[in-house]
Amino acid sequence: MSSVQEHTPMEINRWSLAGTTALVTGGSKGIGYAIVEELARLGSAVHTCSRNEADLKNCLQKWRDSKLKVTASVCDVSSPSEREKLMETVKSQFDGKLNILVNNAGTAIFKPAIEQTMEDFKLLISTNLESAFHLSQLAYPLLRACGGGSIVFISSISGFIAWDNLVVYASTKGAMNQLARNLACEWAKDNIRTNCVAPGPIRTPLVDFLVQDEDLLAGEKHRVPLGRLGEPEDVAGVVAFLCLPPSCYVNGQVIVVDGGRIVNGNH
């Protein structure tokens, strides 16, 4: 008997996503854009979406120029009917199979709690939390058709710590952390892993107010042991890991990517 152990192609290419399909919501900018590029460069065929058609067209041109396998469609994830239409598009494009779902799309409204309106509350719930749950439901049969897959939610450290003027946003992210844990247990029997990535302050359009205020920026950097804000690529690499074979035993986790911000007692 040969002493050379046989390996399947997946075992040989443990750090590749070649042959896989992925849906990343909100991929036209910021963290979502970086995730799309990371997964595509690892070999995955990626579909993404955005509310802004012009943004998508610009991104698609860049991805084509880079020879990346990325497609896109317009979708407002706060709308149930548009979420259903998005998943029908993905189902058709990927022949009814999906390996990876990244629920990234989200928004924030910066207001004191007393000023948050019911319209603000409903918008944040539908965009951040409801969309993540519903899209996971819609993706479930496509993931199961592959024999399993990976779902990743993009949460926030605001799901762990309090930040001024973000009470509703933080509530959606805390709920998202728990959603990941529950789905991880319920869908493990189908070999569908569910995890969450919780970034700290990342240089994206969402935190432009922080970057533009020198005092706020200096204060935030002081709270981060690594001494800087994160970049979208810092988050994308962790998301990609959770979709790769080496993470096959990671399930139901919330992985914080914040340079040490929330474990730093020196505030």
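Reader: Why is Leu229 counted as buried?

Author: Leu229 has a relative accessibility of 2%. A residue is called buried under 20% relative accessible area, exposed over 50%, and partly exposed in between, with a 1.4 Å probe and protein chains only. The value of 2% therefore places Leu229 among the buried residues. Leu229 belongs to the loop between helix 8 and helix 9 (232-243); helices (H or I, at least four residues) and strands (E, at least two) are DSSP runs, numbered from the N terminus. The C-alpha atoms of Leu229 and Ile202 are 5.6 Å apart in space, although 27 residues separate the two in sequence.

Reader: On what basis are such values given?

Author: The model is predicted, so local features need pLDDT of at least 70 and side-chain atom pairs count only at pLDDT 80 or more, whereas totals for chains, interfaces and linings use all residues. Residues are numbered from 1 along each chain as its sequence is written, and side-chain values use heavy atoms, with hydrogens and water left out.

Reader: What makes Ser131 buried or exposed?

Author: The relative accessible area of Ser131 is 4%, and Ser131 is therefore buried. Ser131 is part of helix 5. Leaving aside residues up to four places away in sequence, Ser131 touches Val77, Arg83, Asn103 and Ser126, where contact means heavy atoms within 4.5 Å.

Reader: How do you know whether Asp164 is buried or exposed?

Author: Asp164 has a relative accessible area of 69%, so Asp164 is exposed. This residue lies in the loop between strand 5 (149-154) and helix 6. Asp164 and Pro112 are 52 residues apart in sequence, yet their C-alpha atoms are 7.2 Å apart in space.

Reader: Why is helix 2 described as largely enclosed by the rest of the structure?

Author: Ten of its twelve residues are buried, so helix 2 is largely enclosed. The buried residues are Gly30, Ile31, Gly32, Tyr33, Ala34, Ile35, Val36, Glu37, Leu39 and Ala40. Just after helix 2, Gly43 has a positive phi of about 110°.

Reader: How do you know that the span of helix 2 agrees with its number of residues?

Author: The expected span of a helix is 1.5 Å times one less than its number of residues. For the twelve residues of helix 2 this gives 16 Å, and the end C-alpha atoms are 17 Å apart, which agrees. Helix 4 (residues 80-93) has 14 residues and reaches 20 Å from its first C-alpha to its last, close to the expected 20 Å.

Reader: Which residues of helix 4 are buried, and what puts them on the same side?

Author: Arg83, Leu86, Met87 and Val90 are buried in helix 4. They cover an arc of only 95° around the axis, so they share one side of helix 4; the arc is that of the directions from the helix axis to the C-beta atoms. Lys85, Glu88 and Ser92 are exposed on the other side of helix 4. Among the elements that cover the buried residues of helix 4 are strand 1 (21-24), strand 2, strand 3 (70-74) and helix 5.

Reader: What is notable about the phi of Asp95?

Author: Asp95 has a positive phi of about 55° although it is not a glycine. Asp95 follows helix 4, in the loop between helix 4 and strand 4 (100-103). Its relative accessibility is 69%, so Asp95 counts as exposed. Lys67 likewise is not a glycine and has a positive phi, of about 65°. Lys67 is in the loop between helix 3 (53-65) and strand 3, and its 71% relative accessibility means that Lys67 counts as exposed.

Reader: What makes a space a pocket, as opposed to a cavity?

Author: On a 1 Å grid over the protein atoms alone, a cavity is a set of points where a 1.4 Å probe fits but cannot get out, whereas a pocket is an open set with protein on both sides within 12 Å along at least five of seven lines; lining residues have an atom within 4 Å of a point. Grid points are joined across faces, edges and corners, and a volume is the space filled by probe spheres set on the points. The largest pocket has a volume of about 1200 Å³. Its lining comprises 47 residues, with Ala108, Tyr169, Thr204, Leu206 and Val207 closest to its centre. Helix 8 supplies the largest share of this lining, four residues.

Reader: How is the lining of the largest pocket divided by class?

Author: This lining has 21 nonpolar, 17 polar and nine charged residues. Ala, Val, Leu, Ile, Met, Phe, Trp, Tyr, Cys and Pro count as nonpolar, Asp, Glu, Lys and Arg as charged, and the others, Gly among them, as polar. The second largest pocket holds about 330 Å³, and its lining has eight nonpolar residues, eight polar and one charged.
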